Amino acid sequence: MDPDFVKKLDECICILEPIEMYIKLFQGDAVPCSDVYKAFLVLEEKMRNMSNISSEKKEYLAKLVRNRFNFMYGDAHGVCYLLDPRYLGDDMTRRLRNEIEDFIYNVLKNDGTTNKERQEQLAREYTAFRIEALRERRENTFRFRLIGQSKSVLQWWKADGTDWPLLLSHIENL
């Protein structure tokens, strides 16, 4: 009987559409952490850009998405998003990227130790990886296009990431 029933119903449908899209995407148990990270970025942006919804509601919804992201976020999400050749940390704040890079550089060896030489080697590998991955993405190479289709990110690392063995071992341990 509410005169705004149809308007409110349309608003609910508008809010639920992007959520439903990700519910379907994440029904499987094999979704890469990097895709989870990206999904939260996109979902927050979708909430901020919905039409026919007040700006207060959009900000509230975006804040809810951000809170859920912060609740579920772990180092593996950030590392995977940064080392996934499809994303390479896109839209990450510089502060967060620096924190994750520092985390990567300081990853411990199997014996629980690390040293300056290992940190420098990890930094060199990460830099070389990033340069090569950005090139492949920019040129949309055949190997790059396979990621997410017939090749998983882990398969990409095992097949194409062998030039960066310390990073590869870090990926395998996530």
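The following dialogue explains how several terms are applied to this predicted model.

Visitor: How many aromatic pairs does a search of the whole structure find?

Guide: The search finds 15 aromatic pairs.

Visitor: Why is the pair of Tyr 37 and Phe 69 called edge-to-face?

Guide: The ring centres of Tyr 37 and Phe 69 are 5.1 Å apart, and their planes stand at 90°. Centres must lie within 6.5 Å for a pair, and planes over 60 degrees apart count as edge-to-face. Therefore Tyr 37 and Phe 69 are an edge-to-face pair. This pair links distant parts of the chain, as Tyr 37 belongs to helix α2 (residues 33-48) and Phe 69 to helix α3 (residues 55-72), 32 residues apart.

Visitor: What makes Tyr 37 and Phe 69 count as buried?

Guide: Buried means under 20% relative accessible area. Tyr 37 has 2%, so this residue is buried. Phe 69 has 6% and is therefore buried. Ring pairs also join Tyr 37 and Phe 69 with Phe 40, Tyr 73, Tyr 81 and Tyr 87 in a cluster.

Visitor: How do you know that Phe 129 and Trp 164 form an aromatic pair, and of what kind is it?

Guide: Their rings are 5.6 Å apart, centre to centre, with 75° between the planes. The distance is within the 6.5 Å limit and the angle is over 60 degrees, so the pair is edge-to-face. Phe 129 lies in helix α6 (residues 116-139), whereas Trp 164 lies in the loop between α8 (153-160) and α9 (165-173), so the pair ties together parts that are 35 residues apart in sequence.

Visitor: Are Phe 129 and Trp 164 buried or exposed?

Guide: The relative accessible area of Phe 129 is 0%, so Phe 129 is buried. Trp 164, with 6%, is buried.

Visitor: What makes the contact between Lys 57 and Glu 11 a salt bridge?

Guide: The closest N and O atoms of Lys 57 and Glu 11 are 2.8 Å apart. A salt bridge requires a side-chain nitrogen of Lys or Arg within 4 Å of a carboxyl oxygen of Asp or Glu, so the contact qualifies. Because Lys 57 lies in helix α3 and Glu 11 in helix α1, the pair ties together parts that are 46 residues apart in sequence.

Visitor: Why is Lys 57 called partly exposed, and Glu 11 buried?

Guide: Partly exposed residues fall between the 20% limit for buried and the 50% limit for exposed. Lys 57, at 39%, is therefore partly exposed. Glu 11, at 13%, is under 20% and so counts as buried.

Visitor: How do you know that Arg 94 and Glu 101 form a salt bridge?

Guide: Their side chains meet at 3.8 Å, N to O. This value is within 4 Å, so the pair meets the definition. Arg 94 is partly exposed at 47% relative accessibility, and Glu 101 is buried at 9%.

Visitor: Which residues are joined into one network by salt bridges that share partners?

Guide: The network consists of Glu 44, Arg 48, Glu 59 and Arg 66. Within it, Arg 66 and Glu 44 meet at 2.8 Å, N to O. Arg 66 lies in helix α3 and Glu 44 in helix α2, so parts 22 residues apart in sequence are tied together.

Notes: Residues are numbered from 1 along each chain as its sequence is written. This is a predicted model: local features need pLDDT of at least 70, side-chain atom pairs count only at pLDDT 80 or more; totals for chains, interfaces and linings use all residues. Side-chain values use heavy atoms; hydrogens and water are left out. Rings of Phe, Tyr and Trp (its six-membered ring) pair if their centres lie within 6.5 Å; planes under 30 degrees apart count as stacked, over 60 as edge-to-face and the rest as tilted. Helices (H or I, at least four residues) and strands (E, at least two) are DSSP runs, numbered from the N terminus. Buried means under 20% relative accessible area, exposed over 50%, partly exposed in between (1.4 Å probe, protein chains only).
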